[in-house]
Structure formats: structure tokens, C-alpha cells
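The following exercises, each with a worked solution, concern a predicted model. Please study the sequence and the structure before attempting them.

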Amino acid sequence: MTYETLGLKENPFRLTPPLNPEEIVWAGMSEVKSKLEQRIKLSIQTRPSRIVVNWGSYGSGKTHASLYFSKTTRLRELSTELNAPLAKSIKITLPRASNDIVQEFLRSFLGQYSLEEIYQDFQNLRDKIDDDELKKIIKTYSNDSSIEKLFNKFIFEMTTTTLLDNNIDENIFSVMKNYIFGDSTKTTLKLLDMPLGLKNDEQIANFLGTIISCITYDKKYYSSFIIWLDEFEDIDTVKKSLADRFTTFLRQFIDKTPNNLMIFLNFTQKAFMDIEDLSLYLGEALASRAKVKIDFENPTVDEAVAYVKELSAIYKIEDRDLPFDSDETLKYILVHIGNLTTRKINETFSIVLEMALIEGQEQINQEFIDSIQEEIIAWEE
Amino acid sequence: MYLILDACTVLNLLQVDLISNSDDEYNLNYNYIKRVKTIDSFQIQITEKVLEEIKKNYSKNSNIVKKNLFLKTYIEKKLHGLVDYTIDKNDFECALVFTKKVTKYSKDNGELHSTSYALYLNKYLKNTVLNSYFITDDDGAIDDFENFFKINLLGQILTTIDLLLILETYNIITLSGIFRFSSDLKKQYIKDYSNLLKEMEALQKSQLPFKESSFLTKLYENINSLDFEKVKTDIESPLYANIKRKQPSIDTLLQNILKDDLKKVDILDAKIEEIKSKYWTMDKI
């Protein structure tokens, strides 16, 4: 048997994100969605940079929210609704594997927003702002002569031809990448006429701040730049000196990007970690900038029923009914699985559908649920 | 006045205070012990037994070579100086026998030796009262010896946080410095706990069968809510065997947690709450 026998194209209750990001869907949890969209709209429409803390238990949908707004067309729709230029959104997981936490953040940033894209966005920006003005903006925001020089070389001066003329058989992006990560050859450094690489965390903050400040300048090209910093609670598993270094960097980065930057910090609630203690993890300076908190509360049973139905409907084969006989059956399952999180609901319903396929059950009713109760791991009497 | 430090206190004061630079060279940030020593009216002491325990345990939770090397050097250079080698062995032995007899304490450890040392200092050496303070974060030791301190008018048993509060009264550190210390200490207590949750989350990112994923979520929830009775039942499940096979570190960390006493964290949290509400500061006027 396949999901088709249940009237579904596939299992709607995914446990990992789909391969095709456009297939990421939002079901239920309308209150959280509307709160997030309210903050996003505010950042599209107004200038000051902001930090918002997303707070919720494990499996409550924080990572999903970051993917939804970074990978689907939803953000584009929001900008269009507001008649504003597009916003850009990326998701970065808190770096914790390396001893150079800031460098790792930079690498993740450029992994999500590549130099090729940055270059293209700056070239597009040149259609909207004349070069002299853009140079002035770079000068103002970079606040550092070598960063300013780097942008001028990258955006205005360097081409593949200039590289070839100087016997450098690399494309402009690998030249830049090598420079940024301090891997440049002597020949390249000579051509760039610059010191070796970005020296310290402050320069990295300057570098990223300049990119964002320019491409969102006066909301001409992007109206807002959104970064979702996922798994931020892991800051408590990072060595203390690295954690302090990272929060200091983050504060510098925000200070150097006073406009059009929106950072969502995803925090998974754990025992021993209270939201009141946020300043201990972020540092006073950063915590005082993170005044808004969005609570990813666990759904009620009724909200969970709506979620299951909405999600199943997306994957339903046209002209077929959902495989569940009634809302009562959904409720019967949901009241028996303890605290509801979207992760737990997805896992439980995946098991239910899988069991229906194995048992050849086309309609899922309470009697069937009773017969497979032992298979439902989260089941509690 | 004597401040007699237990091994856990010394290790907490050192380990929470360690900082490293980008070359992984370690140092102490505040150097609390040195700061206490600047107060003339206090004399820090540790017993030989405690020093022995510190030497045995300083590297237990870390395999970072440079960190352990720093601690080893610190112990050799600084902590030996805190041991009272002029002690009258016979008198101390008498104090030890008496303490054991009265408290019915059977372990020959740093806590017992520190309590006996307090008795020795007050009664055998100086013939005085309320002169010795034993600083420990071992709540079992507090229960075992609190009454002994009281009835013999030795002084009090205090915790590491109390010791820092003493520094606060001398304006050597601030209250927010104490809160930071307590948060770092808490992180240390729950290190295995946090890493375990992390490992479980990481495994769940792989394509696990639905039942294993669901089991992992259930286990996660029980660990996160500190319901260890349920956790003990969970690990009997055949699904746990699959998890263990896929990610052995989960089992290692979980066994550590089941052995460890997370009650310390609650006690620490309660202490900080109490300081916030009941400890007199200028802003409470």
C-alpha cells in the first residue's frame, strides 16, 4: 500500500525539511505566524535594526519558521503586500564546532549569502544609486580604510581581465574569498595592494555591517536583511571565552548596522534556563537590545486538530477525503500524547499513517487507534 | 578567622574562573582565592586530605591538555601554601576521632578532615569559639556536619556563593559578578546535561525511523523535565538500544547524568533567588 490509498500524495508529517525548499509549508500555528510576520513587516517598513528572541520548547517550530521565511516565497509576498522592495532572509546555526567562533559565523554567513550573490546585488544596486554615492555610503559604513578599499576593489575595480593581466588564474570570487579568509597569495595581495585578510572580529563586524548597510541603504534595493540565528541556546555549551567573544561580536555587528537589520535569535527552552536569565547568555548590552520575545507556545488540542487537518489537506489527492474519520479521532490521539509540540504531532501521525499502510486500513478511526496504541510511542494513558 | 575550603569549592573557584586566549593559554580571570587573601581578617586554609582530593579530581572533567597543565601548575605553586603543615598531628588525630564518633561519619574524606580541622583550630589550638568557617558546595556534608559546627560553637558552614558574598561586602566583587559566577557554575554542573540534549537533537536531524524519532522526543522531554524515574524506564526499551548503537555518546552522557546529582543546580538557583530578594543592598533601602 502507498499513501495514495489513504488519499494522500505523500506523508504530510515530515520530520526533516523537504529537499525542495519551495515545498516547505506552514500549517496551523496562526498566532505565531502572525506575530513573526508583524515583526518582519515592521522591519520592511521601518529603519532601526532590531533583535527578536524566539522562545519555545524543543520541536515547537522555531527552525521551521526560519526555513519558511528564508526559503519560500512568503517573504516576497509580504514585501509585495507592503509595496516595498524585497527583503532578504538567511538562517545560520550558532557556530560551536570551531575555536574561532566569529570566523565560523562569517563562513556560515557567506555560505548562505554567497559572494557571487553579494556581488550581483551590489551590481544591481549600482542601477539605483550612482557610483559616487555608493562609494560614499561604503566609506561611511565601513568605518575602516581597508574594508572600504576591499569593497571598492570588489565592486568597482576588479574584473576577470585585470586578474588575467596580472597572471592570476582565478575568478574574482575566489580571489575575494581567499582574501577574506586570509588565504591570499602574495601575487594577489600585491594586486589588491592590501594587508593580509580581515584581522579581527571588529573588522568582520565592519565587513558584514557594510554589506548589509549598503544593500539595504534607504531601502532602495532590499528593504530589510533578516538573519535567523538558530539553536542560540547552545551558547551555554560553548566555552565561556568563546561565548563572550561571540556575544561581543554580535553587539558590534548590530551597532555597526544600525538600520534595516533584523536578527531573530532562536532559543530552545531547557530546564535550568529561564528567559529572565537571558542577559546572562547574551550579555547586558545585547539583552537590552532584545526587548521583543515571541513565544512559540505549544498548541492547544483544538489548535493541533486544525494543524493536522490543514497540513493533511495540503497533501490530499483532489476529490478524495482525508484519511481520518472525524475530528474526534484526531482529538482522541492528541489528548493522549502529553505536551503537544509540532515535532511530537508529526512523529505520532507519521506512525499512525505508517501503521495504517502496514495494516491495510484505509480509514483511521478510534477503533484502529486503539488497536495500534502500543505502537504509538508518545501514547500516555 | 579561618576559612577552610573544601575540594569542590576550590575546584569550582578555579574551573569557573578559567579563561583562555586564542592560543589556548589558560589563566584565571578574577583569581578569587588571591582576592580573599587580600582581606587581613581572613586566613584561607585547606587540609592535606582536601589537597589530595583536588589533585585527584582537577582533570576529571576535561581532556584539554593545556587547561589541565595550568591547573596542575597552579595547584603545585599556590595551593600547597594553604595547607597547615605546622599542625600538631596528635591533637588533629584526636579531633578526627571525636568528629567521627559524634557525627557517625564513616568516610575518611576532605569534608570530615575539614570539620575536624575546624574543631582543632577552635579548641585544641586557640581555645576560642566561632573562629572557623567551612566552605563547601557538598550539600550532603552540610547536612552531616552543620549541627556539629553549631554545638561546638566552631563557626558556620558556608557555600562558595557565601564566600563570594563576603568579597562583595568588601567591595572586591559586585553582586552581578556573583550572579555571573553562579550562572557559569550552573553551566558546569549541567555540562553533560546540555551536551546530551545537543547530541539527541543532532541525531534527530538524521533520517530516523518514525518510532525511533518519537522515542527520542519522549526521552528528550523526560530528561528536559528532569523526570529521571521515567528516563530509567525509557532506557529499558529496545528502541533505546537502537539509539545507543547509532550514537553511543548519548548513552555515555546519560549514564553520567543519572550518576550525577542535579539537585545542586536547584540549590544554587534557590540561593541566587534568595540573595536577590533577601540580601541587603543599598538599592533595597
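**Exercise 1.** Determine how many residues chain A and chain B bring to their contact, and describe the side of chain A.

*Solution.* Step one is to count the residues on each side, where two residues are in contact if their C-beta atoms, placed from the backbone, lie within 7 Å. Chain A gives 24 residues and chain B gives 27 residues.

Step two assigns residues of chain A to helices. Both α12 (240-255) and α17 (342-359) of chain A provide at least two residues of the side that touches chain B. The largest share of that side, seven residues, belongs to α17(A).

Step three sorts the side of chain A that touches chain B by class: eight residues are nonpolar, seven are polar and nine are charged.

**Exercise 2.** Establish the strand order of the four-stranded open sheet in chain B, and identify its edge strands.

*Solution.* The order reads β4-β1-β5-β6 (chain B), and the pairing is parallel. At the edges stand β4 (43-45) and β6 (155-158) of chain B, each of which pairs on one side only. On average, neighbouring strands of this sheet are turned by 20 degrees against each other, direction ignored.

**Exercise 3.** Examine how strand β1 of chain B pairs with β4(B), and then locate helix α7 of chain B.

*Solution.* Strand β1 (residues 2-5) of chain B pairs with β4(B) in the parallel sense, over three bridges. Opposite B:Ile4 stands B:Gln45, a residue in β4(B).

Turning to the helix, α7 (residues 139-151) of chain B lies across β5 (132-135) and β6 of chain B. Relative to β6(B), helix α7 of chain B runs at about 165 degrees.

Definitions and conventions: Residues numbered from 1 in each chain as written. Chains lettered and ligands numbered in written order. Predicted model: local features only at pLDDT ≥ 70, side-chain atom pairs only at ≥ 80, totals over all residues. Nonpolar A, V, L, I, M, F, W, Y, C, P; charged D, E, K, R; others polar. Pairing = 2+ DSSP bridges. Axes fitted to C-alpha atoms, helices over the stretch in contact; angles between N-to-C directions.
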